[in-house]
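Subject: Structure for your set

Hello,

Here is the structure we talked about. Please look it over first; my notes follow below.

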Amino acid sequence: MEVTARAPGKIILAGEHAVVHGYTAVASSIDLYTVFSIRLRSEDDDTVKLKLNDIGLDFSWSVRRIKEVLSHLGSPFSSTPTSCSLETIKSLATLVDEQSFPETKIGLASGVYAFLWLYTSILGFKPATITVSSELPVGAGLGSSAAYCVSLSAALLALSDSVKLDVSQKGWSTFKETEAELVNKWAFEGEKIIHGRPSGVDNSVSTFGNVIKFKSGVMTRVNSNMPLRMLITNTKVGRDTKALVANVSARKSRHPDAMCSVLNAIEAISDEWSTIIQSHAVDDLYLSANEEKLGELMEMNQGLLLSIGVSHASIENVLQTSMKYKLASKLTGAGGGDISGEVIDKLVEELGSFGYQSFTAGIGDCIDVVVISLPFRFLYTSFSD
């Protein structure tokens with residue numbers, strides 16, 4: 001049997017970094033996906049193969065070796081999402097260290113740790129070939145690791161005893177709410193291996209899709225009534241989410257009162273963002289006024305993020321370039337205002353001259369945008385060995 005699952009990336013509309021410290025963020029999924037395909041093999045094969053197509057890495061372990069190193073795990077516990085202990089992390093590192101992991105890509109090793117933990121915890125010690133592909137750039141703030149963990153968890157649970165699905169069905173399907181919650185909890189455990197102390201917003205929006213508010217582990221769905229277009233620009237400047245979060249935490253420890261004020265201000269922006277996009281525009285004038293407010297909120301949010309040290313020169317370059325075209329901007333997104341397609345094209349061309357990659361996205365109830373927000377889906381196909 002083979003199962004394929006896909007999960008979308010995300011953008012944070014307001015509340016980056018503040019959400020890690022228990023403050024509100026507003027996020028939306030986008031239609032750039034990570035796809036996991038898992039093909040179970042006969043017991044005689046005795047091999048687990050992981051193929052990361054987009055980064056050109058292949059791994060292979062014997063089931064016997066995995067059992068030997070992770071013997072303390074016992075039987076799979078797919079219905080009980082569990083955190084990976086430090087002892088198990090060391091065991092996972094042993095398995096990864098036995099592979100030929102290029103030094104230039106060693107930063108991706110935690111993703112392989114997460115794979116091994118989720119695979120053995122949910123499915124146990126079964127031989128399989130696992131293939132991963134993604135449209136999401138790594139380390140660009142678009143939730144690539146969350147989409148990775150959500151699509152992996154969805155595929156594994158579809159093959160487990162914890163989810164009851166019609167395996168004879170062909171084509172895309174979705175999980176029920178309670179099953180999606182199980183996917184989300186397992187994906188969060190994978191995110192913790194990769195990032196250390198994630199907020200949970202990325203895996204939540206990747207699992208459930210559309211627009212959400214997120215605070216202290218609690219997700220609230222947001223019904224957007226504004227057909228917004230977003231221009232997402234990838235500056236191609238790498239980043240380490242775990243290190244950035246740690247730096248903000250350190251600054252919060254050194255300046256608790258000042259940081260509390262900044263984070264409260266960011267939360268106020270998130271709350272106002274949510275209120276505005278849920279409001280019903282009575283006419284075009286009201287809609288334009290709301291768009292202008294969102295633009296101002298984005299600029300304010302970006303200024304606060306700059307004050308806590310999470311921006312960089314390339315992002316500031318994007319902001320200055322966008323201002324020439326009357327586009328408000330912030331980390332992971334740009335938008336606001338009634339901007340013509342011609343202006344967008346000119347902006348994309350100018351950003352491209354700096355070596356940046358740009359693409360349009362939409363949030364809310366909008367039918368004429370490139371991107372729509374969807375929850376993860378999975379696909380069953382049957383086969384015979």
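What percentage of the 385 residues of the protein count as buried? The figure is 53%. Please keep in mind that this is a predicted model.

Overall make-up. The protein has eleven helices and 13 strands. Among its contacts with a separation of 6 or more, 77% are accounted for by residues 24 or more positions apart. The exposed surface of the protein comes to about 17000 Å², and 51% of that area is supplied by carbon and sulfur atoms.

A helix pair. Two packed helices are described by the angle between their axes and the distance between the axes. For helix α4 (residues 144-158) and helix α6 (residues 201-208), the angle is about 55° and the axes lie 8 Å apart. The two helices are therefore oblique to each other, as the angle is neither under 35 degrees nor in the range 65 to 115. The crossing of α4 and α6 is right-handed. On the α4 side the contact is made by A146, A147 and V150, and on the α6 side by D202, N203, S206 and T207.

A check on helix α5. This helix covers residues 177-195, which is 19 residues. At 1.5 Å a residue, α5 should span 27 Å. The C-alpha atoms at its ends are 26 Å apart, so the model agrees with the expected span. After α5 comes G196, which has a positive phi, near 90°.

Regards

Technical notes. Residues numbered from 1 in each chain as written. Predicted model: local features only at pLDDT ≥ 70, side-chain atom pairs only at ≥ 80, totals over all residues. Heavy atoms only, no water. Helix = DSSP H or I, 4+ residues; strand = E, 2+ residues; numbered from the N terminus. Expected span 1.5 Å × (residues − 1). Buried < 20%, exposed > 50% of the residue type's maximum accessible area, 1.4 Å probe, protein only. Contact = heavy atoms within 4.5 Å. Areas by Shrake-Rupley, 256 points an atom, 1.4 Å probe, with all protein chains shown as cover. Axes fitted to C-alpha atoms, helices over the stretch in contact; angles between N-to-C directions. Parallel < 35°, antiparallel > 145°, perpendicular 65-115°, else oblique. Left-handed = near helix turned anticlockwise from the far one by under 90°.
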